[in-house]
Amino acid sequence: MILGGPVTGGSFKSLKKAHQQQVNSVHMEPPPKYRRTDQDMAFNENDARGVKQPHNDPLVGMLTIEGFNTKRILVDNSSSADIIYFPAFQQLKLDPRRLRPFDSPLVSFSGDRVYPKGIVTLAVTVGTYSRQLTRQIDFLVVDCPSSYNVIIGRPALNKWKASTSTYCLKVKFPTENGIGEVKGDQILARECYQAVFAAKENHAWTIEEKEEEKTEALEAVELFEREPTKTTRIGTTLSLEMGTKLIQFLRENLDVFAWSHDDMPSISPEIIQHRLNVDPKRKPIKQRQRTFAPKKDQAVTDEVSKLLAAGFIREVYYPDWLANVVLVKKANGKWRMCVDFTDLNKACPKDSFPLPRIDQLVDSTAGHKLLTFMDAFSGTTR
């Protein structure tokens, strides 16, 4: 759902006030007498021919904008604005001087705000000759990742007096020569839908990288002599005295560092252990095996080999629950291997995963060293 845009008054207070007055003045009136005409728009099973059923695909098609056939157009009844994404604006070779200022944000379903680069009026032709319409539509130009080129919202649909059917993947509208229609492309709709997730992931990585730029700069410190690969990083804003004490403390406790899986053979159950509280009434689920591209497949093979060699995992036969691995790209370009425990999580009642307090770990070597590290910088003794 996209909220905002010119129909709500945009960035002008006077228009917003007028729009609010119109909203407050809406009142119930008896419906006028209605008589069927040849301009009635109705959908039946014949309109759904060629659509693979059942489906939940969005309505995606093609329109003519400024004389160019434009694909990847999403018809979205939940959008209060007509949107054209900036890459599509550039591909249409439109003059940037046609953009008019528009500083009111668009608000998405999740509450995120996006400020358009401006608003532009474009000629849009819908339908085919001779049952077609050409109308001037106000588009907000938005510069953010999207698998679509254009979103047609309620303003354009109302201007066309159009009706939509997501079941038939079709739009119908009245013209002087009868009812015109636009058929959605189901294959293109599914391609766009899949690309949406990739675009969001890339956008999330960009945000994560920007957040990392705001953090404190770090410098590498060698902990082992003649072994430059075994390093850690400390903050550059530490004073010389504090930095020296920190490096000395880290070198005195090299045994707690893990440079590979082999350095972490196991964790004693005396420190902590956790059991899955699986509902016995739930039926075990074996997920359908997923396939990966060659590069991802090699990354999975390498990671599994490391875990097997370190004894972290072992091969089991005929498991009751079977979950696929999932690869997530890290900021450094490498892959992080996760497991899709969606089905298993649904079968487990909510668990707060209680962890022991620090003072309960004093008897363990790791707990003692953690407290020693904290005391070294607080000036206290235990």
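**Exercise 1.** In this predicted model, find which lysine has its charged end over the ring of Phe43, and how far that end lies from the ring centre.

*Solution.* The residue to select is Lys172, whose charged end sits over the ring of Phe43 at 5.0 Å from its centre. The arrangement qualifies because the rule asks for NZ of Lys within 6 Å of the ring centre and within 35 degrees of the ring normal.

**Exercise 2.** Describe the surroundings of Phe86, beginning with its aromatic partner.

*Solution.* Start with the count, which comes to one aromatic pair. That pair joins Phe86 and Phe89, with 6.1 Å from centre to centre and 15° between the planes; planes under 30 degrees apart count as stacked, and the pair is therefore classed as stacked. Next, place the two residues in the chain: both belong to helix H2 (residues 86-91), where they are three residues apart, about one turn of the helix. Both are also buried. Finally, look over the face of Phe86, where Lys117 lies at 4.8 Å from the ring centre.

**Exercise 3.** Work out how the buried residues of helix H6 are arranged around its axis, and what covers them.

*Solution.* Begin with the helix itself, which comprises residues 294-310 and reaches 25 Å from its first C-alpha to its last, close to the 24 Å expected. Within H6, the buried residues are Val300, Leu307 and Ala310. Viewed down the axis, the buried residues fall within an arc of 100°, so they line one face of the helix. Their cover includes strands E14 (325-329) and E15 (335-339), whereas the face turned away from the buried side carries the exposed residues Pro294, Lys295 and Ala309. After H6 comes Gly311, with a positive phi near 80°.

Technical notes: Residues numbered from 1 in each chain as written. Predicted model: local features only at pLDDT ≥ 70, side-chain atom pairs only at ≥ 80, totals over all residues. Heavy atoms only, no water. Helix = DSSP H or I, 4+ residues; strand = E, 2+ residues; numbered from the N terminus. Expected span 1.5 Å × (residues − 1). Buried < 20%, exposed > 50% of the residue type's maximum accessible area, 1.4 Å probe, protein only. Arc of directions from axis to C-beta. Contact = heavy atoms within 4.5 Å. Phe/Tyr/Trp six-rings, centres within 6.5 Å; stacked < 30°, edge-to-face > 60°.
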